[in-house]
Amino acid sequence: MGYTSETNARAFSEDRARPAGLWEAPELPVAYFSFVLHFVWEFIQVPTYTGMAEMPHWEAIKLCMSATFGDVGFALTAFWAACLAARSRDWILRPTRFPAGLFVVVGIVLTVGFEYYYTNISLRWTYSELMPLVPPLGTGLSPLLQWFVVPLLVIWLTRRHLLGAQVIREAV
């Protein structure tokens, strides 16, 4: 009745399959690749923030690290928003325009909001004369570009990682 020995063998082997590891959950590579790429970006844009280039080395590292952790939080929030929209955490394996676009847009919205807060309200940091400003809120161009470039690379790297992990798991 539609069941063959091959179907039974597949069902049995799926029951016995090794469970997916934590590293195969999409959030972990999203967080990891976001951390690495945003951390590098934070150091590249140091000259575009007042006083960063003259700051003691360890203080600059701590500030960039703090900003990077915020970026990872933005990335995970954006990822989960895309998961809700796609109704799947696996959208990143087959990214389509809508969840990928939402991933980028949520990061941009969070960036604009936080940049406005930190540069205009709390005055935690200020842009140097090297930072081009994007109207209407005067957000720096570099943080906006960061949220166009880095998330697309995160999607690409995470997808490659997860698909590679699937191939390895299936081969074992």
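In which loop is the place of Arg 87? Arg 87 sits in the loop between α3 and α4, where helices (H or I, at least four residues) and strands (E, at least two) are DSSP runs numbered from the N terminus.

**Basis of the description**

This is a predicted model, in which local features need pLDDT of at least 70 and side-chain atom pairs count only at pLDDT 80 or more, while totals for chains, interfaces and linings use all residues. Residues are numbered from 1 along each chain as its sequence is written, and side-chain values use heavy atoms, with hydrogens and water left out.

**Overall arrangement**

The chain contains 5 helices and 2 strands, and their order along the sequence is α-α-α-α-β-β-α. Of its 172 residues, 37% count as buried; buried means under 20% relative accessible area, exposed means over 50%, and partly exposed lies in between (1.4 Å probe, protein chains only). The chain exposes about 10600 Å², of which carbon and sulfur atoms supply 67%. Accessible areas come from the Shrake-Rupley method with a 1.4 Å probe, and for residues only the protein chains shown count as cover. Contact means heavy atoms within 4.5 Å. Among contacts between residues at least 6 apart in sequence, 71% join residues at least 24 apart.

**Helices α3 and α4**

Helix α3 has 30 residues and reaches 42 Å from its first C-alpha to its last, close to the 44 Å expected at 1.5 Å a residue. The expected span of a helix is 1.5 Å times one less than its number of residues. For the 25 residues of α4 the expected span is 36 Å, and the end C-alpha atoms are 35 Å apart, which agrees.

The buried residues of α4 include Pro 99, Phe 103, Val 104, Ile 108, Val 112, Glu 115 and Tyr 118. The buried residues of this helix pack against α2, α3, β2 (139–140) and α5.

Each of these two helices is followed by a residue with a positive phi: Arg 87 just after α3, and Leu 123 just after α4. Neither Arg 87 nor Leu 123 is a glycine. Leu 123 is found in the loop between α4 and β1. Arg 87 counts as exposed because its relative accessible area is 78%; Leu 123, at 55%, counts as exposed too.

**Selected residues**

The table sets out the location and relative accessible area of three buried residues.

| Residue | Location | Relative accessible area |
|---|---|---|
| Pro 29 | helix α2 (residues 27–44) | 0% |
| Thr 48 | loop between α2 and α3 | 13% |
| Gly 140 | strand β2 | 0% |

The C-alpha atom of Pro 29 is separated by 5.6 Å from that of Thr 158, although the two residues are 129 apart along the chain. Thr 48, not counting residues up to four places away in sequence, touches Tyr 127, Ser 128, Leu 130, Met 131 and Ser 142. With neighbours within four places in sequence left aside, Gly 140 is in contact with Tyr 127, Met 131, Pro 132 and Leu 133. The C-alpha atoms of Gly 140 and Thr 119, which are 21 residues apart along the chain, are separated by 9.7 Å.

A cis peptide bond joins Pro 135 and Pro 136, with omega about 5°. Pro 136 lies in the loop between β1 (133–134) and β2.

**The largest pocket**

Rolling a probe the size of a water molecule over the atoms shows where empty space is left. On a 1 Å grid over the protein atoms alone, a pocket is an open set of points where a 1.4 Å probe fits, with protein on both sides within 12 Å along at least five of seven lines; lining residues have an atom within 4 Å of a point. Grid points are joined across faces, edges and corners, and a volume is the space filled by probe spheres set on the points.

The largest pocket holds about 410 Å³ of space. Of the 21 residues that line this pocket, the closest to its centre are Glu 42, Ala 67, Asp 71, Glu 115 and Trp 125. Helices α3 (57–86), α4 (97–121) and α5 (141–171) each supply at least two residues of the lining, and α3 gives the most, with 7 residues.

By class, the lining has 12 nonpolar, 5 polar and 4 charged residues. Here Ala, Val, Leu, Ile, Met, Phe, Trp, Tyr, Cys and Pro count as nonpolar, Asp, Glu, Lys and Arg as charged, and the others, Gly among them, as polar.
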